Amino acid sequence: MEPNRSAWKISLHGGHSGEFCEHAEGSLRDILESAVQVGYHVFGVAEHMPRVEERFLYGKEPAMGWTAQTLEQIFDRYAHTIRALSEEFADRLTVMCGFEIEVIPQDRYQQLITHYRNHYGFDYIVGSVHYLNDTLIDGSSDETFLELAEQLGGLECLAVAYYQKVAEMAQAVRPEVIGHLDLVRLRTHRLGMTEAIETPRVRQAVEQTLEVIRSVDAFVEVNTAGWRKGLPEPYPASWIVQLGARMGVKFCIGDDSHRPSQVGFGLEEARAHLLSNGVKEVHFLTRQEGAVVKTRASLE
Ligand SMILES: [Zn+2]
Ligand SMILES: [Zn+2]
């Protein structure tokens, strides 16, 4: 049976594959085949940007003999492969070629992102903040996370600093997509401390960040990996989607897939999450006569 290829079925964040990412599985080709099967109208692939210094390598990477240079070489291969595959799949699926940024090292991430973007001619970037003060906030241990919170004056301060970082990043690199806007919720939820990051002060910081996001015309993704990681809601939580909807912020969808079986995960639920929180259309990028353009589709 032909999959139902509705216009709203898009993902602009995902397609991490075992070929180019140490914590993903499967080939990029298999990921794209899955995206065709799911019935995606547009599928954006946004592999992780290389981390350029040894201190940022993940736990098992040094043991695998990897260095910062290895990540650079892998990314170079990725950039060429995704472009070739997007052309090969063009008659079955619109594939957008992107990458997910890092905000490290904090004093020169902007230049690095500009370099990768221009050097390889990517269609778009996903603006994600995984680090605060060069410390990983989602993959780190509870201890590292709590230590960082203490340094910053507590969890509430950490959350405010996190959202301010997202705003700074959005202004600095003008990403087309804002990745998992409330990622700070992940570890806080696991620690049972969500209340500490939903205070009036944090809400105000979120509102200011949404203001910046709207001013740079970036799309906030509903990222379904939140469910996969055990959160009761995807990123961002309902109250943030409602606030963004009232402010006229644009939303898109991302499955943040890290293997073929995760492609399309939570797609219908993401649509329901948007609709139930007051968002009636999804925004995305597509290709028109060779050019990358912004467009939208009704979710109803
Ligand atoms: Zn990843
Ligand atoms: Zn991410």
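In the predicted model, the buried residues of helix 1 (residues 28-38) are Leu28, Ile31, Leu32, Ser34, Ala35 and Val38. These residues lie on the same side of helix 1, because the arc that they cover around the axis is only 155°. In general, an α-helix has 3.6 residues a turn, so residues three or four places apart point the same way. The partners against which the buried residues of helix 1 pack are strand 2 (42-48), helix 3, strand 3 and helix 11 (267-276). Helix 1 is followed by Gly39, a residue with a positive phi near 95°.

The packing of helix 1 on helix 3 can be described further. Two packed helices are described by the distance between their axes and the angle between them. For helix 1 (residues 28-38) and helix 3 (residues 68-88), the axes come within 11 Å and cross at roughly 35°. The crossing of helix 1 past helix 3 is right-handed. On the side of helix 1, the contact is made by Leu28, Arg29 and Leu32, and on the side of helix 3 by Thr81, Ile82 and Leu85. Four nonpolar residues, one polar residue and one charged residue make up this contact of helix 1 with helix 3. Leu28 and Leu32 thus belong both to the buried residues of helix 1 and to its contact with helix 3.

Val38, one of the buried residues of helix 1, is also placed relative to the N-terminal segment. Asn4 and Val38 are separated by 34 residues in sequence, and their C-alpha atoms are 8.1 Å apart in space. Asn4 is located in the segment before strand 1 (10-11). Asn4 counts as exposed because it has 8 C-beta neighbours inside 10 Å, the upper limit for this class being 12.

The largest nonpolar core of the model contains 83 residues, of which Ala159, Tyr162, Val166, Ile178, Phe251 and Cys252 touch the most other members. Helix 6 (residues 155-173) gives the most to this core, contributing eleven residues. When its neighbours within four places in sequence are left aside, Val166 is in contact with Val129, Ile178, Leu181 and Thr209. Ile178 therefore appears both among the core residues that touch the most other members and among these contacts of Val166.

Several backbone features were also identified in loops. Most residues other than glycine have a negative phi, and most peptide bonds are trans. A cis peptide bond, with omega about -20°, joins Ile104 and Pro105. Pro105 is placed in the loop between strand 3 (94-100) and helix 4 (109-120). A cis peptide bond also joins Tyr235 and Pro236, where omega is about -15°. The loop that holds Pro236 runs between helix 9 (225-228) and helix 10 (238-247).

Positive phi values occur at two residues other than glycine, Asn133 and His180. For Asn133, phi is near 50°, and the residue lies in the loop between strand 5 (131-132) and strand 6 (135-136). Asn133 is partly exposed, since 13 other C-beta atoms lie within 10 Å. For His180, phi is about 20°, and this residue is found in the loop between strand 7 (177-178) and helix 7 (185-190). His180 counts as buried because it has 29 C-beta neighbours inside 10 Å, the threshold for burial being 20 or more.

Terms used:
Residues numbered from 1 in each chain as written. Chains lettered and ligands numbered in written order. Predicted model: local features only at pLDDT ≥ 70, side-chain atom pairs only at ≥ 80, totals over all residues. Helix = DSSP H or I, 4+ residues; strand = E, 2+ residues; numbered from the N terminus. Core = buried A, V, L, I, M, F, W, Y, C linked by C-beta atoms within 7 Å. Contact = placed C-beta atoms within 7 Å. Axes fitted to C-alpha atoms, helices over the stretch in contact; angles between N-to-C directions. Left-handed = near helix turned anticlockwise from the far one by under 90°. Nonpolar A, V, L, I, M, F, W, Y, C, P; charged D, E, K, R; others polar. Arc of directions from axis to C-beta.
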